[in-house]
Amino acid sequence: MKIRRSTSIPLILAIYLAVMAGIGYKGYAGGETSALQYFGVIAITVLILILLHFSLKRREKLRQERTDDIENSTKSNN
């Protein structure tokens, strides 16, 4: 089974976010960053990842429709 780009890219970026949040947790626990900043950045990043997923999914759908149209037009011309 092939993993689609609309799933793999956001997944890789989510793993990166988890690693960076883990690294930044020391600063949050030590009081260097506020809860609003720490969790706000995480929440905004997750929202962006979700939007990226749906955007890539839409592009894949449009690309598939375009290739289907091309295949159907070449079949009807022959």
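**Exercise 1. Where does Ile3 sit along the chain, and is Ile3 buried or exposed?**

*Solution.* Start with the place: Ile3 belongs to the segment before H1. Keep in mind that you're looking at a predicted model. Next, check the cover. The relative accessible area of Ile3 is 59%. Exposed means over 50%, so Ile3 is exposed.

Now hop along the chain to Leu49. Ile3 and Leu49 are 46 residues apart along the chain, and their C-alpha atoms are separated by 17 Å.

**Exercise 2. Take Arg4 and Arg5: in which part of the chain does each one lie, and which surface patch do they help to make?**

*Solution.* Go one residue at a time.

- Step 1: Arg4 lies in the segment before H1, while Arg5 lies in helix H1.
- Step 2: Arg4 has a relative accessible area of 55%, so Arg4 counts as exposed.
- Step 3: Arg5 comes out at 54% relative accessibility, and that makes Arg5 exposed too.
- Step 4: Arg4 and Arg5 gather with Lys2, Lys57, Arg59, Arg63 and Arg66 in a patch of positive charge on the surface.
- Step 5: H2 supplies the largest share of this positive patch, with 4 residues.

One extra look at Arg5: from its C-alpha to that of Lys26 you cover 33 Å in space, and the two are 21 residues apart in sequence.

**Exercise 3. Which residues make the patch of negative charge, and is Asp69 buried or exposed?**

*Solution.* First, list the members: Glu65, Asp68, Asp69 and Glu71 gather on the surface as a negative patch. Then pick out Asp69, which is found in helix H2, residues 35–77. Its relative accessible area is 51%, so Asp69 passes as exposed. The cut-off you need here is over 50%.

**Exercise 4. Which residues make the nonpolar surface patch?**

*Solution.* Look for Leu11, Ile15, Tyr16, Val19, Met20 and Ile23. Together they make a nonpolar patch of about 610 Å² on the surface. To get your bearings, find Leu11 in helix H1.

**Exercise 5. How many aromatic pairs does the whole structure hold, and how are the rings of Tyr25 and Tyr28 arranged?**

*Solution.* The search of the whole structure turns up 5 aromatic pairs. One of them joins Tyr25 and Tyr28: the rings are 5.8 Å centre to centre with 55 degrees between the planes, and the pair is tilted.

Where are these two? Both are in helix H1 (residues 5–29), and because they are 3 residues apart, about one helical turn separates them. As for cover, Tyr25 is partly exposed at 44% relative accessibility. Tyr28 is partly exposed as well, with a relative accessible area of 24%.

**Exercise 6. Why is the pair of Tyr25 and Tyr38 edge-to-face?**

*Solution.* You need two numbers here.

- Step 1: the ring centres of Tyr25 and Tyr38 are 6.2 Å apart. Rings pair if their centres lie within 6.5 Å.
- Step 2: the planes stand at 65 degrees, so the pair is edge-to-face. Planes over 60 degrees apart count that way.
- Step 3: this pair links distant parts of the chain, with Tyr25 in helix H1 and Tyr38 in helix H2, 13 residues apart.
- Step 4: Tyr38 has 13% relative accessibility, so Tyr38 counts as buried. The cut-off for buried is under 20%.

To finish, zoom out: ring pairs link Tyr25, Tyr28, Tyr38 and Phe39 into a cluster.

Notes:
Residues are numbered from 1 along each chain as its sequence is written. This is a predicted model: local features need pLDDT of at least 70, side-chain atom pairs count only at pLDDT 80 or more; totals for chains, interfaces and linings use all residues. Side-chain values use heavy atoms; hydrogens and water are left out. Patches are made of residues with over 30% relative accessible area and no salt bridge: like charges are joined within 9 Å, nonpolar side chains (Val, Leu, Ile, Met, Phe, Trp, Tyr) within 5 Å. Accessible areas come from the Shrake-Rupley method with a 1.4 Å probe; for residues, only the protein chains shown count as cover. A salt bridge is a side-chain nitrogen of Lys or Arg within 4 Å of a carboxyl oxygen of Asp or Glu. Lys and Arg count as positive and Asp and Glu as negative; His and the chain ends are not counted. The place of a charge is taken as NZ of Lys, CZ of Arg, CG of Asp or CD of Glu. Helices (H or I, at least four residues) and strands (E, at least two) are DSSP runs, numbered from the N terminus. Buried means under 20% relative accessible area, exposed over 50%, partly exposed in between (1.4 Å probe, protein chains only). Rings of Phe, Tyr and Trp (its six-membered ring) pair if their centres lie within 6.5 Å; planes under 30 degrees apart count as stacked, over 60 as edge-to-face and the rest as tilted.
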